[in-house]
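Open the model in your viewer and keep the selection box at hand. Each stop below says what to select next and what is there.

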Amino acid sequence: MGKILKELSGYSGSKIFLMEGDNLFVRKINNVQRNHERLSSLSSLGYPVPKIYQYDGETLDMEYIQGLDMKNYLIHNNINDLFDFISNILDSFSKNSHQKYYGDVYFEKLKWMDGHNVFPFTKRELIERLPKWLPQSTYHGDFTLENMINTNNGFYLIDSVTTEYDSYIFDIAKLRQDLECKWFIRNLDIKIDTKLQRIQDKLLRTYPNAFNDNLLILMLMRVYQYCDKDDKQFIVNEVNRLWK
C-alpha cells in the first residue's frame with residue numbers, strides 16, 4: 001500500500017507520487033507500460049536504473065533514488081564525472097546498432113501538428129529536413145539531465161520510456177534540450193551556462209552526426225503537446241531560433 005508523501009511533477013500524462021512504506025519509493029499510475037518495459041530492458045542489461053518493486057499494468061512502484069539533481073550537481077561540481085557518465089552510456093547504447101528508416105515514424109508522431117500554425121514550418125517541411133535513416137539501438141527514451149541523479153554510488157538514470165524514437169541519436173537530441181535550450185532551468189536563475197556548453201561541445205566532438213538542429217526541434221515538439229501556455233511559448237521561441 002504505502003502512504004503518499006507528495007506528488008511529483010512530470011510530462012508523461014501519469015500521476016507520480018513519492019511514497020512511504022518500509023522504505024521510500026516512487027509510484028507511477030497510468031500510462032506506465034512503456035516505463036516498465038524500458039526500465040526492465042535497461043535493468044537486464046546492467047544499466048544504473050531504479051529497481052522495480054511492483055507492476056500490475058496500471059501502477060509501477062520503483063526504487064526512490066535519493067541524491068543530487070543535475071541543477072544542484074552542476075552548481076557545485078565540474079563537468080568531468082558527469083560527462084564521463086553520459087559518454088559511457090551513449091557509447092554502450094551505440095553498440096550493436098543497425099540502420100532503421102524513421103520517415104514513417106515522423107509522419108505518425110507528428111500528426112498532432114495538423115491545424116497548428118504557431119511554428120515556422122509545416123509538418124511536411126520539418127519531416128523533409130529530418131534524417132530518415134538512423135541507427136536503431138539500446139536507448140533511454142527521455143535522456144535529459146532532469147532524468148539523471150547523482151548519489152554516493154554514482155549516477156543513475158530515471159524515467160526511461162519506450163518510444164518509437166529508439167536510437168541513441170534521439171537520446172543525444174533530447175539531451176540537447178537541456179544542454180542548449182536549457183529547458184530544465186528555464187524558470188530558474190542558475191549560472192551554469194558555461195558548463196552546459198562545455199558538455200555539449202565535448203559530445204559534439206564525439207558524436208558529430210547527432211548534432212542536427214532539426215532533431216532537436218523534433219524533441220522539443222514532443223514536449224510541446226503537454227505544456228502550459230508559458231512553456232509552449234518557450235518552445236516556440238527555441239524552435240524559431242533553431243529553424244534556419
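Start with helix 8 (residues 213-224), which is mostly covered: eleven of its twelve residues are buried. Buried means under 20% relative accessible area, exposed over 50%, and partly exposed in between, with a 1.4 Å probe and protein chains only. Helices (H or I, at least four residues) and strands (E, at least two) are DSSP runs, numbered from the N terminus.

This is a predicted model, in which local features need pLDDT of at least 70 and side-chain atom pairs count only at pLDDT 80 or more, while totals for chains, interfaces and linings use all residues. Residues are numbered from 1 along each chain as its sequence is written, and side-chain values use heavy atoms, with hydrogens and water left out.

**Around helix 8**

Colour the buried residues of helix 8, among them Leu 215, Met 219, Arg 222 and Tyr 224. What covers them? Show helix 4 (103-109), helix 5 (123-129), strand 8 (133-136), helix 6 (168-179) and helix 9 (229-242), which are included in the cover. Contact here means heavy atoms within 4.5 Å.

Next, zoom in on the start of the helix, where a side-chain oxygen of Asn 212 reaches to within 2.8 Å of the backbone nitrogen of Asn 214. A polar contact is a pair of N or O atoms within 3.5 Å; within protein, one must be able to donate a hydrogen and the other to accept it, and residues adjacent in sequence count only if both atoms are side-chain atoms.

**The three-stranded sheet**

Select strands 6, 9 and 10: they form an open sheet in the order 6-9-10, with antiparallel pairing. Strand 6 and strand 10 are the edge strands, each pairing on one side only. Two strands pair if DSSP finds at least two bridges between them.

Strand 6 (residues 68-69) joins strand 9 over two bridges, and Leu 68 stands opposite Asn 150. On the other side, strand 9 and strand 10 (residues 154-157) share four bridges and form a hairpin with two residues between them. Follow two of the partners across: Ile 149 with Tyr 156, and Met 148 with Leu 157.

Now look at the faces of strand 9 (residues 148-151). Are its side chains buried or exposed? Met 148 and Asn 150 on one side, and Ile 149 and Thr 151 on the other, are all buried. In a regular strand the side chains alternate between the two faces of the sheet.

Add helix 3 (residues 80-94), which lies across strand 9 and strand 10 and runs at about 45 degrees to strand 10. Axes are lines fitted to C-alpha atoms, for helices over the stretch in contact, and angles run from 0 to 180 degrees between N-to-C directions.

**The five-stranded sheet**

Select strands 1 to 5, an open antiparallel sheet with the order 1-2-3-5-4. Strand 1 (3-8) and strand 4 (52-55) stand at the edges with a single partner strand each, so one side of each is left without a neighbour in the sheet. The twist averages 25 degrees from one strand to the next.

**The cysteines**

Finally, select Cys 181 and Cys 227. Their sulfurs are 12 Å apart, too far for a bond. A disulfide is a pair of cysteine sulfur atoms within 2.5 Å, and a search of the whole structure finds zero. Cys 181 is buried, with a relative accessible area of 5%, and Cys 227 is also buried, at 10%.

Conventions. The expected span of a helix is 1.5 Å times one less than its number of residues.
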